[in-house]
Amino acid sequence: MTKRAFLFAGQGAQKLGMASDLYAAYPVVKETFDRASRILGYDLRELIDSNEEKLNQTRYTQPAILTTSVAIYRLLAENGITPDIVAGLSLGEYSALVAAGALSFEDAVALVAKRGEFMETAAPAGSGKMVAVMNTDPSLIEEICQKASEKGVVTPANYNTPAQIVIGGEVEAVDYAVELLKEAGAKRLIPLNVSGPFHTALLESASQKLAAELEKVLFKDFTLPLVGNTEAQIMKSEDVKALLALQVMEPVLFYYSIATIQEFGVDEVIEIGPGKVLSGFLKKIDKTLPTHNVEDQASLDALLNA
């Protein structure tokens with residue numbers, strides 16, 4: 001039997017018209033979007049198809065990606081393709097929680113709409129920045145962030161691959177860290193087009209507001225294991241609320257999470273949701289692990305015919 005991991009896409013992967021062909025072709029996809037629209041109080045499908053400006057606002061991006069991912073997950077399940085273990089990048093963790101049976105889709109949609117709003121208002125556009133640091137020793141990056149933090153908040157925010165770590169924080173402090181990293185020999189530093197310095201201490205107010213919202217939500221026991229971002233370990237039911245609140249202001253340990261998934265003994269990985277960002281990271285982490293992504297009819301057909 002193939003042991004399979006599902007990885008769910010995070011914010012930044014959104015694109016205009018995502019999954020529109022699947023929406024037109026499959027009742028389960030349409031039903032998922034229609035249900036999300038009822039919960040949100042606006043036509044999510046129309047927003048994704050025709051309003052790029054809104055789609056890129058965090059409060060709309062998050063429910064849009066979650067709904068797209070869960071719709072594809074349900075479509076795969078209808079075709080007999082199910083996971084043995086799941087994980088998601090940041091926002092993708094909520095899709096993973098739905099897949100793992102711990103969170104209802106309805107609660108997830110309402111929750112990520114609020115999460116997006118809290119994250120958007122915690123760090124208004126322009127108040128911070130994020131930069132991907134390539135091919136640089138992680139311990140050197142951590143050390144330099146510590147040194148640069150005399151200018152303000154700057155910390156590692158995403159451990160994407162051993163050769164790509166994103167730092168984030170206040171503009172002046174991040175710029176100073178970039179300067180120090182260049183002096184230390186870092187050659188490739190790529191500023192990211194994101195709406196805020198996510199997964200840093202600047203998101204503390206969002207974390208607190210999210211914690212209050214999470215208290216109102218019923219989480220059920222996991223029906224399959226989920227590797228969480230914050231600890232890169234299999235999540236325990238009793239820790240879910242605390243970890244989700246922390247997750248918006250703590251670094252995402254993606255490549256450590258993949259190590260945990262590898263230890264679980266998976267034979268293949270399927271990335272679910274828009275884009276191929278996580279598949280790209282995986283190829284950098286482990287070239288030998290067969291990886292597919294499903295975001296539209298063509299990629300679905302490729303998987304079903306593989």
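The radius of gyration used here is taken over C-alpha atoms, and the globule rule is 2.2 Å times the number of residues to the power 0.38. Keep that handy for the exercises below, which work through a predicted model.

**Exercise 1. Work out how the overall dimensions of the protein fit the globule rule.**

Step one: put the chain length into the rule. With 306 residues, a compact globule would come out near 19 Å.

Step two: look at the model. The protein has a radius of gyration of 19 Å, so the value agrees with the rule.

Step three: add the extents. Along the principal axes, the C-alpha trace spans about 55 × 45 × 40 Å.

Step four: check burial and contacts. Buried residues account for 54% of the 306. Of the contacts with a separation of 6 or more, 75% are between residues 24 or more positions apart.

**Exercise 2. Describe the surface and the charges of the protein.**

Start with the area: about 12,800 Å² is exposed, and carbon and sulfur atoms supply 50% of that. Then count the charges. There are 27 positive and 40 negative side chains. Finally, take the centre of each set: the two centres lie 2 Å apart.

**Exercise 3. Which strands stand at the edges of the five-stranded sheet, and what does that leave them without?**

First, an inventory: the protein has 14 helices and nine strands.

Next, lay out the sheet. Five strands form an open sheet in the order S7-S2-S1-S8-S9, with parallel pairing. Strand S7 (226–227) and strand S9 (291–294) are at the edges; each has a single partner strand, so one side of each lacks a neighbour in the sheet.

Now zoom in on the S9 end. Strand S8 (residues 268–272) pairs with S9 in the parallel sense through four bridges. For one specific pairing, take Ile 272, whose bridge partner in S9 is Val 294.

**Exercise 4. Trace the pairing around strand S5 and say which residues stand opposite Gly 169.**

Quick reminder: strands of a sheet pair through backbone hydrogen bonds, either parallel or antiparallel.

Begin with S5 itself. This strand covers residues 164–170, and six of its seven residues are buried.

Then take the S3 partner. Strand S3 (residues 128–134) runs antiparallel to S5, and seven bridges join the two. Here Lys 129 stands opposite Gly 169.

Now the S4 partner. Strand S4 (residues 154–161) also pairs with S5 in the antiparallel sense, over six bridges. S4 and S5 make a hairpin with two residues between them. In this pairing, Val 154 is the residue opposite Gly 169.

Putting it together, Gly 169 of S5 has Lys 129 opposite it and Val 154 opposite it too.

**Exercise 5. Two residues of helix H2: are Thr 32 and Ser 37 buried or exposed, and what do they touch?**

Place them first. Ser 37 sits in helix H2 (residues 27–40), and Thr 32 belongs to H2 as well.

Apply the cut-off: buried means under 20% relative accessible area. Ser 37 is at 15%, so it counts as buried. Thr 32, with 0%, is buried too.

Now the contacts, setting aside neighbours up to four places away in sequence. Ser 37 contacts Tyr 42, Asp 43, Leu 44 and Arg 45. Thr 32 touches Thr 67, Val 70, Ala 71, Arg 74 and Phe 105.

One last distance: Thr 32 and Thr 68 are 36 residues apart in sequence, and their C-alpha atoms are 8.3 Å apart in space.

Technical notes. Residues numbered from 1 in each chain as written. Predicted model: local features only at pLDDT ≥ 70, side-chain atom pairs only at ≥ 80, totals over all residues. Heavy atoms only, no water. Buried < 20%, exposed > 50% of the residue type's maximum accessible area, 1.4 Å probe, protein only. Contact = heavy atoms within 4.5 Å. Areas by Shrake-Rupley, 256 points an atom, 1.4 Å probe, with all protein chains shown as cover. Lys, Arg positive; Asp, Glu negative; His and termini not counted. Charge placed at Lys NZ, Arg CZ, Asp CG, Glu CD. Pairing = 2+ DSSP bridges.
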